[in-house]
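Biologist: Please take a close look at a single part of this model, beginning with one residue. Then connect that part to the pairings elsewhere, in plain steps.

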Amino acid sequence: MQRPATGAGVKLAALAQWAGVELRGDPELHVDRVATLESAGSGAVSFFANPRYGRQLAATRATAVIVAPDALDACPVAALVTPNPYLVFARVTRYFNPEPSPQPGVHPSACVADGAELGEGVAIAARAVIEPGARLGARVCVGAGAYIGADAVVGADSRIAPNAVVGARARLGERVILHSGVVIGADGFGFASDGECWEKVPQIGSVQIGNDVEVGANTAIDRGALGDTVIEDGVKLDNLIQVGHNARIGAHTVVAACTAIAGSTSIGRGCMIAGAVAIAGHLSIADGVTVTGMTTVSRSIAQKGVYSGGTQMAENAVWRKSAVRFNQLDDMFRRLRRLEQELAALKGPTDQE
Amino acid sequence: MQRPATGAGVKLAALAQWAGVELRGDPELHVDRVATLESAGSGAVSFFANPRYGRQLAATRATAVIVAPDALDACPVAALVTPNPYLVFARVTRYFNPEPSPQPGVHPSACVADGAELGEGVAIAARAVIEPGARLGARVCVGAGAYIGADAVVGADSRIAPNAVVGARARLGERVILHSGVVIGADGFGFASDGECWEKVPQIGSVQIGNDVEVGANTAIDRGALGDTVIEDGVKLDNLIQVGHNARIGAHTVVAACTAIAGSTSIGRGCMIAGAVAIAGHLSIADGVTVTGMTTVSRSIAQKGVYSGGTQMAENAVWRKSAVRFNQLDDMFRRLRRLEQELAALKGPTDQE
Amino acid sequence: MQRPATGAGVKLAALAQWAGVELRGDPELHVDRVATLESAGSGAVSFFANPRYGRQLAATRATAVIVAPDALDACPVAALVTPNPYLVFARVTRYFNPEPSPQPGVHPSACVADGAELGEGVAIAARAVIEPGARLGARVCVGAGAYIGADAVVGADSRIAPNAVVGARARLGERVILHSGVVIGADGFGFASDGECWEKVPQIGSVQIGNDVEVGANTAIDRGALGDTVIEDGVKLDNLIQVGHNARIGAHTVVAACTAIAGSTSIGRGCMIAGAVAIAGHLSIADGVTVTGMTTVSRSIAQKGVYSGGTQMAENAVWRKSAVRFNQLDDMFRRLRRLEQELAALKGPTDQE
């Protein structure tokens, strides 16, 4: 997919060809940006992927909409037709909004240690610190105030946002994105009790991160105690996530914000873990598992499927009663069983099936 | 409200006049600080707003206590009388502890790009980085190591704490406070699946923050995918909160720590969201809603009121049984209904009402 | 315990003597590192403390394993025998992996204010900022980009990781470890309502941290409103924890990741608080309490013991029904009670015990 030259915009025909999708509508129309169905005006390309926005599709003033074949009839304007409208929208958005490339070079206020290796086209922003032995691949961007520890490796085309931290000896693949406040490779939480006090267990492992991994703001991934914490290729982590020491997250798994993954737990490939989930340590979760929001995962999951926990919100007056009864559930169960027995006895032996 | 000159302290009469409240007691008494009812000694002003501290009011050695009219008889010392003691206490605390104003100017180790605009009296601390096109209003303070991205706008009298990050193009109102570790404007969590891998959806929106907003330590507010994430005037966010892309939080809403607000959700004005709450995406929450702690909000809330979820703590032995029974609840319900039917049949038709 | 000179390794006899444990096996064997039972090879010392790894013990290729007396017979290689294998393993790990000591001195790019006091052997890394009046004890290490506020005190041998923040006037004991992204002493979350808007209550207290405290990445400990937030000696806090203003955590208590502790709550000594727990404000929790993961603690706990809350994960189809029935629990309870009464009436007075 070669991106054609663009200036003030592009003709729909050229955009459709670039994106590899079918065009229904006037090929000469010009478009120059993306927008939501609701806010789009002339010149904008939008997309329709969620049926709940059907009314907005009908009313849109976009010049063109990216739609699936089954929504084509409902589209009141020019259509770019594809089985995966959201994916094509992602690409069209990138087409109109290419990632800005910082000027290669090292800002004079950055501290790059002797013995750090910088690949071709690396850009190191103001106040960044690169420790001895760190190796940065080609075109890596290190944001202002970010820190790359000793002997850490950052693969080509990775972007480390301002004030993110990559600990000593961590190894990041190519095209990795770390957002601000990310901390890779802090010590895992390991302490041995002497009966009263807790003595620190030195955390001597590291963190391995694959290619095409993105890590959201203020997420923490601890280094291993022995051996490494591993984030495989294509994993996407949202903000404020905890990944404990020696955890492993399989390729192309996504994890939403505020989820906690305790140490030594292994999550499979292609999983979808929602937000505010808590996963206990030393568990194994199969490939392709979905866990819905606010679930406590305290046992391993061997089968692909959708798993849930927690309760549903209610009005406080209702909830207060439910919460009281929750802690009486075993008593309720026993009373129920006794009733069944008593009723069976009352009905007599002839009633039994 | 003009603050009178103060030195070693102030007479109660002058303080009452400054605060606009009624004084009961000796107007000549000197006070010079605030303290809790329990720790207060001579010269201290305390307050009484929570009935559970009645015993501490009776025993206080404060020189004066800020009280509501109905607590006046219980106050053993001089009283500053107001319908809203906590609000007046806040102001009296500020009276004795004015916010320190850093020396205006740019620290020599800060990096202020050419083309950044600094208002009158701006103070930029050591190692702060201000990118090109950023505009800082009058008297803005930027703490050590903080980062203000390209074309970001920070309104007058705002304070950005050390190591906080304001992303490119974010727009902050006046008197905004960002605590350390805050990340404004990291990319939202948007990916389109190609069937196996996740492709990044460029996040091209920004973040708008109103006037008088305070954001707690290590809280993250993502930039919008298309359009902006919006935090309206007077919103107060505690620490370690996640605000997803394109969320909107209405004016004067408060959110306690560790709460997650997913993308495209809109929260009304004057809401109170407690801590560790998880709010799913694409929801709408009415004005004036209260959500209690640890609640999962997975549907929209159309009516003002108090909403809750989760369970109440119990001793582990009790909880283990309840937790097992929870996953048998539908079976219990069916058995209960069958019992009702059987009992009704047993009692015969004449028993029915 | 004097650490003997080491080079390429040490003889088992010397290691056993250093660690104060009994050796079963060839005293002349050389060991030079630690490893897990599974990954260990010749020269490695491993440990066995969790019965679930019995099969790995049987198959290990470690040169020696640290075991309890009752596991001695199951150990196929040389054994270092102790009642507390994990504790000895922690020490042996430290033996082979001594904490690297940064070169004392102040990096030329650090900003140390006039009037800051630096103890003997202090190491201040690149871009760190030390404000006026701060006092750093002997051998304190301040990482790159870390911030020590005005009049803060950091006790001897403490380590502040890159980009951590210690607020003004905070007081840290000796041997304290703060990981990256930690924020000590941001303002507590205190606001007084004027009916519509929230007015900030100045937070004029500080934070006191005892000796031997470790604080995980991106954890936030707010300063007190009046009086201090207190973390006693030996407390270990994991990543992404919230500690509200005026909370107190008793000595040697451990708290796992993503837990929220609201303001003015006091937790006893020697407690174990698991991850993703939410503890409401103004509570008191006794010494020696264990709280399991994802529990909401909304009342005080007066007795030592284990406390739990939340629900257990299930397949989504099961959970959906349970979640619906949860909000019908009080109705179920009433129907159950009515059935009991009706059945008792049906059985007649002679059936009653």
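Modeller: A:Cys271 has a relative accessibility of 0% and counts as buried. This is a predicted model, and what follows should be read in that light. Why does A:Cys271 form no disulfide? The closest cysteine sulfur belongs to B:Cys197 and is 15 Å away from the sulfur of A:Cys271, which is too far for a bond. A disulfide needs two cysteine sulfur atoms within 2.5 Å. B:Cys111 is another buried cysteine, with a relative accessible area of 13%. Its closest cysteine sulfur is in C:Cys111, at 10 Å, again too far for a bond. Over all chains, the structure holds 0 disulfides.

Salt bridges are another matter: there are 60 of them over all chains. One of these joins A:Arg175 to A:Asp212, with the closest N and O atoms 2.7 Å apart. The two residues are 37 residues apart in the chain: A:Arg175 is in the loop between strands 19 and 20 of chain A, and A:Asp212 is in the loop between strands 24 and 25 of chain A. A:Arg175 is partly exposed, at 38% relative accessible area, and A:Asp212 is partly exposed too, at 30%.

Other salt bridges involve more than one chain. A:Glu342 meets C:Lys347 in a salt bridge of 3.2 Å, N to O. A:Glu342 is in helix 5 of chain A and C:Lys347 in helix 5 of chain C, so this pair joins two chains. Both count as partly exposed, A:Glu342 at 25% relative accessibility and C:Lys347 at 24%. B:Glu342 forms a salt bridge with A:Lys347, where the closest N and O atoms are 3.2 Å apart. That pair crosses from helix 5 of chain B to helix 5 of chain A. Elsewhere, A:Asp187, A:Lys200, A:Arg223 and C:Glu214 are linked in a network of salt bridges.

Helix 5 of chain C, residues 329–347, also holds C:Leu346. This leucine is partly exposed, with a relative accessible area of 34%. Together with A:Leu346 and B:Leu346, C:Leu346 forms a nonpolar patch on the surface, with about 210 Å² of accessible area.

Strands also pair across chains. Strand 39 of chain A (residues 305–308) and strand 40 of chain C (residues 314–315) are antiparallel, over 2 bridges. A:Ser308 stands opposite C:Ala314 there. Within chain A, strand 39 also pairs with strand 37 (residues 289–291), in the parallel sense over 3 bridges. A:Gly305 is the bridge partner of A:Val289.

Last comes a sheet in chain A. Its 5 strands form an open sheet in the order 2-7-6-5-4, with mixed pairing. Strands 2 and 4 are at the edges and have a single partner strand each, so one side of each is left without a neighbour in the sheet. Strand 2 runs antiparallel to strand 7 over 3 bridges, and A:Leu23 has A:Leu80 as its bridge partner. Strand 7 pairs with strand 6 in the parallel sense over 4 bridges, where A:Ile66 is the bridge partner of A:Leu80. Strand 6 is joined to strand 5 by 3 bridges, and these two run parallel. The chain passes from strand 5 through helix 2 (residues 54–59) to strand 6, a right-handed β-α-β crossover. In a regular strand, side chains alternate between the two faces of the sheet. In strand 6, A:Ala64 and A:Ile66 point one way and A:Val65 and A:Val67 the other way, and all are buried.

Technical notes: Residues numbered from 1 in each chain as written. Chains lettered and ligands numbered in written order. Predicted model: local features only at pLDDT ≥ 70, side-chain atom pairs only at ≥ 80, totals over all residues. Heavy atoms only, no water. Patch = residues over 30% accessible without salt bridge, like charges linked within 9 Å, V, L, I, M, F, W, Y side chains within 5 Å. Areas by Shrake-Rupley, 256 points an atom, 1.4 Å probe, with all protein chains shown as cover. Salt bridge = Lys/Arg side-chain N within 4 Å of Asp/Glu carboxyl O. Buried < 20%, exposed > 50% of the residue type's maximum accessible area, 1.4 Å probe, protein only. Pairing = 2+ DSSP bridges. Right-handed = clockwise from strand over helix to strand, strands pointing away.
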